[in-house]
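Dear colleague,

I am handing over the structure below, and I would be glad if you could look through it before reading on. My notes on what was found in it follow directly after.

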Amino acid sequence: MTRTARFTLDPAFKVGEVNPRLFGSFVEHLGRCVYTGIFEPDHPSADEAGLRTDVLDLVRELGVTTIRYPGGNFVSGYKWEDSVGPAEDRPRRLDLAWRSTETNRFGLSEYIAFLKKIGPRAEPMMALNLGTRGVAEALELQEYANHPAGTALSDLRAAHGDKDPFGIRLWCLGNEMDGPWQTGHKTATEYGRIAAETARAMRQIDPHVELVACGSSSQSMPTFAEWEATVLAETYDLVDYISLHAYYQPEDGDIDSFLASAVDMESFIENVVATCDHIGARLKSKKKINLSFDEWNVWYISEWHAIENSGVRDWAEAPRLLEDNYSVTDAVVFGSLLIALLRHADRVTVACLAQLVNVIAPIMTEPGGPAWRQTTFFPFAQAARYGRGEVLDVRVDSPTYETKKYGEADLLHATAVRAEDGSVTVFAVNRGRTEALPLEVALNGMELTRIVEHGVLADADPDARNTLTEPERVTPHAGEGASLRDGVLSAVLEPLSWNVIRLG
């Protein structure tokens, strides 16, 4: 018989406030993310700007905030000048990162217009090319985007039809510069110097910009931690964040380890925090560097490597790349990754789900056809809607199971967020593949009297997924049997499930 999992919630014990930027996403010029994803002028639903309104509706429903752009690996070959001015005059370029042809029909102005149509909470996060370009080009882009008027580049923006500045506050100082796959790949010392020089110069234009230095592309990189330490030694007083990227997939059919992927994500976060604070202590600084987890997702990267190594790519426009179709199992892991981010909301204050449409994405489209929600859409939309407020300290007492990669792991992975009105939402994953998991939560010092909702994402078929022909095969359903009596929440979590329990 499965033992009951338990934890206690008390408003006196909290992790920190959730920054809305935690629910960011990522649009890269990769595959069909942009073209036939968010931008398809000939689509029946396209608006006057060529944006697919069916996709806009789903993006709003998803609840994304900050959107990182234009890459990703793409940015290390990006010339921002190619992406402004009349679309018909923009040059076609080879994109080395994804061996595609970039038309530049969708550019900087279109990106800002896309954000405005999502709504007021959508904020730009612009990545700078520090791979094949440098300080001068970063300053030119900053002036074009943000300076009000009266200079060559700000007046050029106005001449291009954008009188008002774009107001980009958040900038990434390059992308994955530790990776040998990156065009313009650098050593930590080389990158730290150019990042510091760029940051210092950008702050001369605007002292209030927020800057993200490149951290390691994953915890498995051979230079991990040493990279962060070297980069931060150069940039500590000049940047606000350091980045983390992580993707997860089952390896050799090991589903049990895959379900515990958040064990690695939490370890990654805690190790980067320790490295940041070590450098801060060494510099005798009172400043805290926060974390920008600006690429994360489930990604079947081994399938991509098989395509990449086949040599079949041929500089096509917007080819179908990285269009992973997510199962219920993938969605449960995805939800657990969201829980990991929330559990570290005191230091992870920016995060970007990579990516938004078609490319390892929660939203899929067919050219000229419909758009639909993947299984991973639902956990993100629920977390973005209900994960606002203070994250409470959750320390679970859970039955465990054995994994090949991570050793003993808890069957329960959970967090809880208390909203401004006192209501509480519990996010919980049962990693057990065959048995339901009883849950008891003691509620101390909170006037909670009812269960508003218990939503569940689970299915008798763990491989069930949404497709073009069955776009609603998997949707959340109501859980059964949850109760709230004498300050104790009792529920049963279905096998292999993502759960959202709202208390009022």
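Strand E11 (residues 290-298; strands are DSSP runs of E with at least two residues, numbered from the N terminus) is mostly covered, with eight of its nine residues buried, where buried means under 20% relative accessible area with a 1.4 Å probe and protein chains only. Please keep in mind that this is a predicted model, in which local features need pLDDT of at least 70 and side-chain atom pairs count only at pLDDT 80 or more, while totals for chains, interfaces and linings use all residues. Residues are numbered from 1 along each chain as its sequence is written, and side-chain values use heavy atoms, with hydrogens and water left out.

E11 pairs in the parallel sense with strand E10 (residues 241-248) over seven bridges, and Ala246 stands opposite Trp296 of E11; two strands count as paired if DSSP finds at least two bridges between them. E11 also pairs with strand E12 (residues 348-354), again in the parallel sense, over four bridges, and here Ser292 stands opposite Val350 of E12.

As for the chain as a whole, 59% of its 504 residues count as buried, and the C-alpha trace spans about 70 × 60 × 45 Å along its principal axes. Among contacts (heavy atoms within 4.5 Å) with a separation of 6 or more, 77% come from residues 24 or more positions apart.

With best regards

Methods. Buried means under 20% relative accessible area, exposed over 50%, partly exposed in between (1.4 Å probe, protein chains only).
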